[in-house]
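These are notes for a colleague who is opening this structure for the first time. Please keep the sequence and the model side by side while reading the points below.

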Amino acid sequence: MVFSRVFTANLLLTSTQIILSRLTRVMIKDNESTVPIMHSGHVRRRKGSNEVPSDVDQATGTKLLAKDQNKYKSMLVRAYSTIWMIGGFIFVVYMGHLYIWAMIVIIQIFMAKELFNLLIKAHEEKQLPGFRLLNWHIFFTAMLFVYGRILSQRLVNTVTTDKFWYKLVGNLIKYHMVTCYFLYITGFVWFILSLKKKMYKYQFGQYAWTHMILIVVFTQSSFTVANIFEGIFWFLLPASLIVINDIAAYIFGFFFGKTPLIKLSPKKTWEGFIGASVTTIISAFVLANFFGRFQWLTCPRKDLSTGWLQCDPDPLFKPENFTLPEWFPWTEIQILPVQWHALGLGLFASIIAPFGGFFASGFKRAFNIKDFGDSIPGHGGMTDRMDCQMVMAVFAYIYHQSFIVAQSVSLGMILDQIIMNLSYEEQRELYSKLGQIIKDRQFGES
Amino acid sequence: MIKENGSNVQGAHSGRIRRRKGSNEVPSDVGQLTGNNHLLVNDQNKYRSMLIRAYSSVWMIGGFIFVVYMGHLYIWAMVVIIQIFMAKELFGLLRKVNEDKQLPGFRHLNWHFFFTAMLFVYGRILSQRLVNTVTTDKFLYKIVGNLIKYHMVTCYFLYIAGFVWFILSLKKKMYKYQFGQYAWTHMILIVVFTQSSFTVANIFEGIFWFLLPASLIVINDIAAYIFGFFFGKTPLIKLSPKKTWEGFIGASVTTIISAFVLANFMGRFHWLTCPRKDLSTGWLQCDPGPLFTPETFTLPGWLPEWFPWTEMQILPVQWHALGLGLFASIIAPFGGFFASGFKRAFKIKDFGDSIPGHGGMTDRMDCQMVMAVFAYIYHQSFIVAQSVSVGMIFDQIVMNLSYEEQLALYKNLGQILQDRQFGES
């Protein structure tokens, strides 16, 4: 089943690629950068445009997008990249949970690479050979730690059928925290032993910078991956809302933009902001209904398999009928309860998530950087695309854990304890004891 | 002997910290007077500085023992107070007065994040104990239950409020300074709260798991100072010129032996070994558990006949203590090296000046922080796993889960067991 899906996906992809590249070869000069875009399918266009060079601004005299002469050309470049990114993204979602996870890992590596390089000073780096390896050592440790925690339960469920692997995985999980801690301590000791006279300030600055980067990158990606395995819906909906918010703000700003929004990002306007907010909230309501109908998106993945998914849909995704007032063409519509939650997500996506973009703009201004990188034509680097997504991913996870998940914390904790600490015989013993008290209770009630 | 008596009161509150290994606090002019030799053995003023440090140490150790006697909740309060002092020192460290004048209210942002972090960290650790404290009162139980359910959202929105506040407060030409301060605040809070949260988690598992690691660091510091004072000749590391190999090795041996002995001594008190399941302050009684039950060892026959004991009582926990002692002597000093390097990098002499002869709170806590994290991880990986039994989990299930949750657990567990059974047959 997986093979046939991969085959059709490949066919679709190559045909679209050929058609699109033929059409746009005239407009776009650099064809070589189209290959990496397929891997970075997760990212979206930004609201305004900081990438138009400053000489154009001086030529037109004003910064707003509506009056920009070159805006049509830049819009085409951005549209081309956007289509590729959205296309790649849909493809990966179709492939499944494990592939989305792989895509996130790849995006992380790109982002970390961009950000590590950002504040490196070439002169000092020459005197510190091997210092950059330390960054990647801590990166690898963070990856092991974060994904080990999130996916340990699913890993256990994947290997329940093989006794040897079960033992091995059980031990790995048991000593997971110690392993990661000792890897980190190795990096810490390595750092201290590598301190060189007169380079202390630079090295401490780089060390702190590495920690900040890894925290920012891994917090949001770990929450994203946790959401994915609860159901692709909880990853797809927030990400799509940010995309829609970006694109809508760009379009509204393009046609109606007049009043500047914030000094940090001079191309953003109030018209764009408000238009995008309304569009996002309405889309949230509609999209949730559309996404909620697919079991591929709504079912949680309990292990690390890649096959098709079947499950009993959560009550959130069961349609309820609403009778509408008489002046409406339809007498009643079907609403999924999850659509009300989607309104909350949409509200956050339109009001708070843009602050992620402002933060990135302010940061670039503070350090006189134009873009974080240049992997995506017309958009800048990977971090430029992910700035709002990061804020949204964290919110989506916290919202999900607080308002959607029905299971209480203590149940999960006790289940974890049972699986991690008890042997098979002890688990059976506990099971029979538990069965006994449940039976007693049932007898007591009848 | 000591001029500033006022700072001794602070010393009593900061009872948890210990003397440092070498002495970076001897002013540089003394160094020039004695010539090129920085080692402590050859320092003329060393006796005077040793007296000051000894006086502060006695106060700190005394205050610490008092707080341990008072109990878990008071230790927690002491940890919180230490944190506030450390955060205050560190926040003030990289501040530039000129820029700060142009940004009124920016310093409040630091404390906003501090408060959010405190709520988040202690809410997570102590939620279960808070629930156990209010099980008898139905009204409070509901309130506490709701608070815990929405704990994460509350902390998140507090953080987002701080984030938005930061962005709206960005001022032209001050961007770099403000971003630097923002990053610095995050780094401080992470360093301070990681180790303190692990410390508090350890405390409520049993004061033993807090007291033993902390004491080992103290012993390591004092032993290294004494060995360096009398025997120190070979410098250890360029970062801290007063530390010597003789001090290091002497301290390591002392620490490992003390770990073995101290664990035996501390393991006999219920007050130290029993976990605290709620937030009460009364006396504690409990079943000590297999780790603290003495086992008798017959000493080998090759010992001379005049040896008074033929067999010793060893608590199994003493073997674990050897591991803690090894870490305390070898890895924990790197926390001190990190702090020294940091101070050199930013040309600071001390983090603060609250403790006479020792510097600030952070100077005392640098090795403790590394040890606290290790103690927690060691405990979670090697101690908890051993002491979990079917009976304990069963008790948890009966006490903490509602009937519906028990049913859900039963179904889940049945599913897992069934999968395994099919796999193995």
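1. Does Lys198(A) count as buried or exposed? With a relative accessibility of 80%, Lys198(A) counts as exposed, and its place is the loop between α9 (176-193) and α10 of chain A. The backbone deserves a look here, since Lys198(A) has a positive phi of about 70° although it is not a glycine. Please bear in mind throughout that this is a predicted model.

2. Met199(A) also belongs to the loop between α9 and α10 of chain A, but at 6% relative accessibility Met199(A) counts as buried, because buried means under 20%. When neighbours within four places in sequence are left aside, Met199(A) is in contact with Glu124(A), Gln127(A) and Leu128(A). Along the chain, Met199(A) and Val338(A) are 139 residues apart, and 55 Å separates their C-alpha atoms.

3. A positive phi, of about 55°, is likewise found in chain B at Lys347(B), which is not a glycine. Lys347(B) is placed in the loop between α14 and α15 (361-387) of chain B, and with 75% relative accessibility Lys347(B) counts as exposed.

4. For chain A as a whole, the model has 18 helices and 4 strands. Of the 446 residues in chain A, 52% are buried, while the accessible surface of the chain comes to about 21600 Å², with 66% of that area belonging to carbon and sulfur atoms. If one takes the contacts in chain A between residues at least 6 apart in sequence, 75% of them join residues at least 24 apart.

5. How far should the details of chain A be trusted? The average pLDDT of chain A is 77, and 80% of the residues score at least 70. Among the elements of chain A, α12(A) has the highest mean pLDDT, at 92, whereas helix α2 (residues 34-39) has the lowest, at 35. Over residues 19-62 of chain A the pLDDT stays under 50, although the model has 99 contacts beyond four places in sequence for this stretch. Where pLDDT is low, the predicted coordinates should not be read in detail.

6. Which residues make the nonpolar surface patch of about 490 Å²? The patch is made by Trp270(A), Ile274(A), Val278(A), Ile282(A) and Val286(A). Of these, Val286(A) lies in helix α12 (residues 270-291) of chain A, and Val286(A) counts as exposed because its relative accessibility is 51%, with the limit set at over 50%. The helix that holds Val286(A) is the element of chain A with the highest mean pLDDT.

7. Aromatic pairs deserve a point of their own, as a search of the whole structure finds 75 of them over all chains. In one of these, Phe204(A) and Phe338(B) meet edge-to-face, with 5.1 Å from centre to centre and 65° between the planes. This pair crosses between chains, from helix α10 (residues 200-230) of chain A, where Phe204(A) lies, to helix α14 (residues 333-345) of chain B, where Phe338(B) lies. Phe204(A) counts as buried at 4% relative accessibility, whereas Phe338(B), at 21%, counts as partly exposed.

8. A further edge-to-face pair is formed by Phe166(B) and Phe179(B), whose centres are 5.3 Å apart and whose planes stand at 90°. The pair links distant parts of the chain, since Phe166(B) lies in helix α8 (residues 151-168) and Phe179(B) in helix α9 (residues 175-205) of chain B, 13 residues apart. Both rings belong to buried residues, with relative accessible areas of 0% for Phe166(B) and 4% for Phe179(B). Ring pairs also place Phe166(B) and Phe179(B) in a cluster, whose members from chain A include Trp209(A) and Phe359(A), and whose members from chain B include Phe106(B) and Tyr182(B).

9. Lastly, is His112(B) buried or exposed? His112(B) is buried, because its relative accessible area of 18% falls under the limit of 20%. This residue, His112(B), lies in helix α6 (residues 106-133) of chain B, and, not counting residues up to four places away in sequence, His112(B) touches Leu158(B), Ala161(B), Gly162(B) and Trp165(B).

How values were computed: Residues are numbered from 1 along each chain as its sequence is written. Chains are lettered from A and ligands numbered from 1 in the order in which they are written. This is a predicted model: local features need pLDDT of at least 70, side-chain atom pairs count only at pLDDT 80 or more; totals for chains, interfaces and linings use all residues. Side-chain values use heavy atoms; hydrogens and water are left out. Patches are made of residues with over 30% relative accessible area and no salt bridge: like charges are joined within 9 Å, nonpolar side chains (Val, Leu, Ile, Met, Phe, Trp, Tyr) within 5 Å. Accessible areas come from the Shrake-Rupley method with a 1.4 Å probe; for residues, only the protein chains shown count as cover. A salt bridge is a side-chain nitrogen of Lys or Arg within 4 Å of a carboxyl oxygen of Asp or Glu. Helices (H or I, at least four residues) and strands (E, at least two) are DSSP runs, numbered from the N terminus. Buried means under 20% relative accessible area, exposed over 50%, partly exposed in between (1.4 Å probe, protein chains only). Contact means heavy atoms within 4.5 Å. pLDDT is the predictor's confidence in each residue, from 0 to 100. Rings of Phe, Tyr and Trp (its six-membered ring) pair if their centres lie within 6.5 Å; planes under 30 degrees apart count as stacked, over 60 as edge-to-face and the rest as tilted.
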